[in-house]
Amino acid sequence: MVREDKLDAQWLARLTEMGLLRASFVPPKAIRDLRDYTRARTRLVRERTRCWQRLEKLLEGALVKVSSVASKLTTVSAQDMIKAMIAGERDPRVLAGLARTRMRAKHDDLVAALDGTFDDHHGELAGMLLDQIAFLDGRIAQLGARAAELTAAMPGAWGVNSDGTTGPDAGATPDAPALNAVARLAEIPGISPDLARAIIAETGLDMSRFPTAGHLVSWAGLCPSARQSGPRTRAGKKGQGNGYLRGSLGQAALGAARTATFLGERYHRIARRRGKARAQVAVARSILVIIWHLLKNPEARFTDLGYGYYQARTDTDRRLRNHIRQIQALGFEVTLTKNP
């Protein structure tokens with residue numbers, strides 16, 4: 001009996017022989033090399049995050065609740081306190097005195113949070129974790145610098161100066177007629193230069209491979225999909241598409257959500273109605289559409305529509321009808337009088 005996977009392979013081979021299958025997206029070697037560095041950097045960043053989480057769990061096991069007072073353990077004040085505990089300091093008031101800037105106002109809360117059972121074995125493990133974090137910081141910086149060098153060496157990522165010259169250093173000023181690819185993407189809220197290089201490594205610089213922005217969105221796995229069999233329709237399976245690209249865009253969407261921009265407003269509008277997860281995906285899709293246009297036309301520039309874009313375009317009469325309907329649903333009669 002011929003196995004099912006062998007039959008599938010034969011069928012695909014026949015379709016390819018007859019020219020009925022489209023070619024897969026295989027980026028050029030320069031993009032593949034860049035992708036290796038950016039993906040390695042992403043994995044190290046995730047490992048560094050896990051180290052911080054393990055350190056927080058270690059402190060909580062010793063009844064030291066620094067993270068309940070400090071915004072995060074990565075702050076300078078929190079790191080100074082942890083290093084002092086590793087060095088042998090146990091007095092919570094002395095440790096709380098290491099707080100800086102705005103954390104000084106939380107002195108009493110810090111004293112209570114630092115009064116735990118932290119001993120020498122906790123200090124040894126915490127020191128190992130901090131050493132590992134410092135090592136990862138160095139490797140992440142090294143990979144980021146190498147990715148920047150590779151991106152600058154790509155002619156497709158170069159910009160154009162005001163005098164018409166081009167090169168690795170061209171298009172770095174805001175008045176340049178064409179910014180370099182990294183600077184173009186970094187103008188989008190939520191995208192840093194490192195994140196822009198990671199996105200370029202996944203999508204490439206040649207947008208002719210994707211006829212429309214919708215093709216790129218579909219390839220990334222950010223568009224809705226359905227699986228239908230007879231009368232049954234189910235949502236598409238998760239995990240399809242480029243996971244690294246989706247992760248970078250999701251990170252950019254969360255960064256944009258903290259800004260007073262069009263994308264930030266879009267995130268909050270959708271989050272109120274459908275939840276934060278769907279809002280993150282929707283904003284990530286919008287960012288990817290913007291990226292397609294910016295890479296498609298090197299002379300294009302990102303222009304923010306503004307935080308009040310939706311509010312300005314909302315029909316006033318429709319808003320009045322919606323508000324009146326909501327008040328009437330509560331059992332009240334509404335009479336409107338327009339101000340002169």
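In this predicted model, T203 is found in helix 8. Beyond its neighbours within four places in sequence, T203 is in contact with F25, F210, L216, W219, L245 and L295. With a relative accessibility of 1%, T203 counts as buried, because the cut-off for that class is under 20%.

A second buried residue makes a helpful companion to this picture. I188 lies in the loop between helix 7 and helix 8, and its relative accessibility of 1% places I188 among the buried residues. Residues up to four places away in sequence aside, I188 touches L263, I287, I290, I291, L294 and F302. One further distance helps to locate this residue: I188 and R43 are 145 residues apart in sequence, and their C-alpha atoms are 24 Å apart in space.

The loop that holds I188 also takes part in a charged pairing. Side chains of opposite charge can pair when their charged atoms come close. E187 forms a salt bridge with R301, and the closest N and O atoms are 3.0 Å apart. This pair links distant parts of the chain, since E187 sits in the loop between helix 7 (181-186) and helix 8 (193-203), while R301 sits in the loop between helix 12 and helix 13 (309-313), 114 residues apart. E187 is partly exposed, with a relative accessible area of 29%, and R301 also counts as partly exposed, at 32% relative accessibility. Elsewhere, salt bridges that share partners join R35, R39 and E202 into one network.

The count for the model comes to 12 salt bridges. Another of these pairs is made by R100 and D80, whose closest N and O atoms are 2.8 Å apart. Here too the pair links distant parts of the chain, 20 residues apart: R100 belongs to the loop between helix 4 (92-96) and helix 5 (107-114), and D80 belongs to helix 3 (residues 76-87). R100 counts as partly exposed at 40% relative accessibility, and D80 as partly exposed at 22%. A further salt bridge joins R54 to E47, with the closest N and O atoms 3.0 Å apart. R54 is partly exposed, with a relative accessible area of 37%.

Attention can now turn to helix 2, which spans residues 29-61. E60 lies in this helix and is partly exposed, with a relative accessible area of 34%. Leaving aside neighbours within four places in sequence, E60 is in contact with K65 and S67. E60 and A113 are 53 residues apart in sequence, and their C-alpha atoms are 9.9 Å apart in space.

Two loop residues deserve a look for their backbone angles. Most residues other than glycine have a negative phi. L63, in the loop between helix 2 and helix 3, has a positive phi, near 65°. L63 is partly exposed, with a relative accessible area of 47%. T101, in the loop between helix 4 and helix 5, likewise has a positive phi, near 45°. T101 is exposed, because its relative accessible area of 66% lies over the 50% cut-off.

The surface of the model also carries patches of distinct character. W11, L12 and L21 make a nonpolar surface patch of about 310 Å². Within this patch, L21 lies in the loop between helix 1 (4-17) and helix 2 (29-61). L21 is partly exposed, with a relative accessible area of 41%, so this residue passes the requirement of over 30% for patch members. A positive surface patch is formed by R272, R273, R274 and R278. The largest share of this positive patch, three residues, comes from helix 11 (residues 262-274), whereas R278 has its place in helix 12 (residues 276-296).

How values were computed
Residues are numbered from 1 along each chain as its sequence is written. This is a predicted model: local features need pLDDT of at least 70, side-chain atom pairs count only at pLDDT 80 or more; totals for chains, interfaces and linings use all residues. Side-chain values use heavy atoms; hydrogens and water are left out. Patches are made of residues with over 30% relative accessible area and no salt bridge: like charges are joined within 9 Å, nonpolar side chains (Val, Leu, Ile, Met, Phe, Trp, Tyr) within 5 Å. Accessible areas come from the Shrake-Rupley method with a 1.4 Å probe; for residues, only the protein chains shown count as cover. A salt bridge is a side-chain nitrogen of Lys or Arg within 4 Å of a carboxyl oxygen of Asp or Glu. Helices (H or I, at least four residues) and strands (E, at least two) are DSSP runs, numbered from the N terminus. Buried means under 20% relative accessible area, exposed over 50%, partly exposed in between (1.4 Å probe, protein chains only). Lys and Arg count as positive and Asp and Glu as negative; His and the chain ends are not counted. The place of a charge is taken as NZ of Lys, CZ of Arg, CG of Asp or CD of Glu. Contact means heavy atoms within 4.5 Å.
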